[in-house]
Amino acid sequence: MRRLLLFAIFGLAALVGCDTAALETESQVVVEAYLEAGEPMDSVRLTRTARASAEYTPERTAVQGADVQVQRLNDSGGVAATVPYTETDSTDGLYIPETPATIKPQGTYRLRAAPPEGPVVTAETTVPAPVEAVRTQNDTTTYPDPDDENSDPPQFELTVRPGPSALERQNVYVLTSRSLLDLQSISASPPDSVAGRLLTPFYLEQYDADSDTLASFRVNSSGLLNEANFTSNDDGTVSITLPWLAVAFYGPNQIRASVVDDNLYDFLRTQSAQQMSLAPGEIPNIDEDIENGTGIFGSFAEASGKVLIRPPNPTGDDIPLRP
């Protein structure tokens, strides 16, 4: 379920609201599932599309009682192994593996979901090669002083060694920063004061104490970033400099660099095009690879590092800036 949370910020609900398929009379099964190279198989969520005029919530539209399995395919396209899934008691429409299984890098996997009514939903993904974190630089640094135009502290840098790509394109990354602060243990009163001491300037401007929570700013991800945007080194590694805009909280942050498969690449690329469209007639469909359904069944490989970011003007107040 960790990966559902990671990629949920990309707005799968937006697909349901913007894709022309969501306007059809007959509803479709919506898939949300991610595989990470070298990690255990994660959960699969199944819901149904709602009419454009109806409220969409995963709980109200959950697909229950489906027969769900993930198959690993061999080089000839046959089934090498099958992992059956079972629906959880705690969350309707959320399915978890019945037996543990580790995702094979560069392996091809097929999702097969048979709902109680309607056709069988299928999708395939080829998992990227592993990405290794080689080194980090500037693990402790200070955020630029917004009142000093000459403030230029060193930025955190993560150097990774990507595996060979089997795709007909360069590797494409998504950068994700996640605050490691224990936000539940930090008093939220008065909320404006606490936010002012924890949030970096850009995110502080977005924060509304009446409608937002600090936890809603914990995870932030970039759009798609081509490998050409980073520094390629002679030893085959790639050095990724963390933009200050990606950091929402002072204190400890985990930075992930994820190489995405074709399914996530197409999904995020066309979702970005939707968000840039102005007139309703110009909004393109999401490019997804689900047979008899919609949504995302994608995979990725990632490497990560940690950085401690100090505020430019510490107040000395007793707010913990460590995990």
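A contact here means heavy atoms within 4.5 Å. By that criterion, and not counting residues up to four places away in sequence, Leu225 touches Asn171, Val172, Tyr173, Leu175 and Phe230. The structure is a predicted model, in which local features need pLDDT of at least 70 and side-chain atom pairs count only at pLDDT 80 or more, while totals for chains, interfaces and linings use all residues. Residues are numbered from 1 along each chain as its sequence is written, and side-chain values use heavy atoms, with hydrogens and water left out.

Confidence is expressed as pLDDT, the predictor's confidence in each residue, from 0 to 100. The protein has a mean pLDDT of 84. A value of 70 or more is reached by 81% of its residues. Residues 1-11 stay under 50. For this stretch the model has 35 contacts beyond four places in sequence. The pLDDT is also below 50 over residues 13-23, a stretch with 27 contacts in the model beyond near neighbours in sequence.

The secondary structure comes to five helices and 17 strands. Both are DSSP runs, numbered from the N terminus: helices are H or I with at least four residues, and strands are E with at least two. Burial follows relative accessible area (buried under 20%, exposed over 50%, partly exposed in between; 1.4 Å probe, protein chains only). Of the 323 residues, 46% count as buried. Among contacts with a separation of 6 or more, 71% come from residues 24 or more positions apart.

One open sheet contains four strands, in the order E8-E10-E15-E14, with antiparallel pairing. Strands E8 (131-137) and E14 (231-232) stand at the edges. Each has a single partner strand, so one side of each is left without a neighbour in the sheet. Two strands are taken to pair if DSSP finds at least two bridges between them. In general, strands of a sheet pair through backbone hydrogen bonds, either parallel or antiparallel.

Strand E10 (residues 157-162) pairs with E8 in the antiparallel sense over six bridges. Four bridges join E10 to E15 (residues 238-241), again antiparallel. Glu157 links to both sides: Gln137 has Glu157 as its bridge partner in E10, and Glu157 has Thr241 as its bridge partner in E15. Further along, Val160 stands opposite Val238 in E15. Five of the six residues of E10 are buried, so this strand is largely enclosed by the rest of the structure.

Nonpolar cores were defined as sets of buried Ala, Val, Leu, Ile, Met, Phe, Trp, Tyr and Cys residues joined through side-chain atoms within 4.5 Å. The largest has 46 residues. Val31, Leu46, Val68 and Phe297 have the most contacts inside it. Strand E17 (residues 294-310) gives the most to this core, with five residues. Another core lies apart from it. This second core has 13 residues, among them Leu198, Leu199, Leu214 and Phe217.

Phe217 also belongs to an aromatic cluster, together with Phe202, Tyr203 and Tyr207. The structure holds six aromatic pairs. Rings of Phe, Tyr and Trp (its six-membered ring) pair if their centres lie within 6.5 Å; planes under 30 degrees apart count as stacked, over 60 as edge-to-face and the rest as tilted. Phe202 and Tyr203 form an edge-to-face pair, at 5.1 Å centre to centre and 85 degrees between the planes. Phe202 is partly exposed, with a relative accessible area of 37%. Tyr203 is buried, at 10%.

Three further positions were examined. Leu225 lies in strand E13 (residues 225-226). With 22% relative accessibility, Leu225 counts as partly exposed. Leu225 and Leu175 are 50 residues apart in sequence, yet their C-alpha atoms are 8.1 Å apart in space. Gln184 sits in the loop between strand E11 (172-179) and helix H3 (191-198). Gln184 is exposed, at 80% relative accessibility. A C-alpha separation of 9.4 Å lies between Gln184 and Leu214, which are 30 residues apart along the chain.

Asp266 is found in helix H5 (residues 262-276). Asp266 is buried, with a relative accessible area of 16%. Its side chain makes a polar contact with the side chain of Arg269, at 3.0 Å. A polar contact is a pair of N or O atoms within 3.5 Å; within protein, one must be able to donate a hydrogen and the other to accept it, and residues adjacent in sequence count only if both atoms are side-chain atoms.
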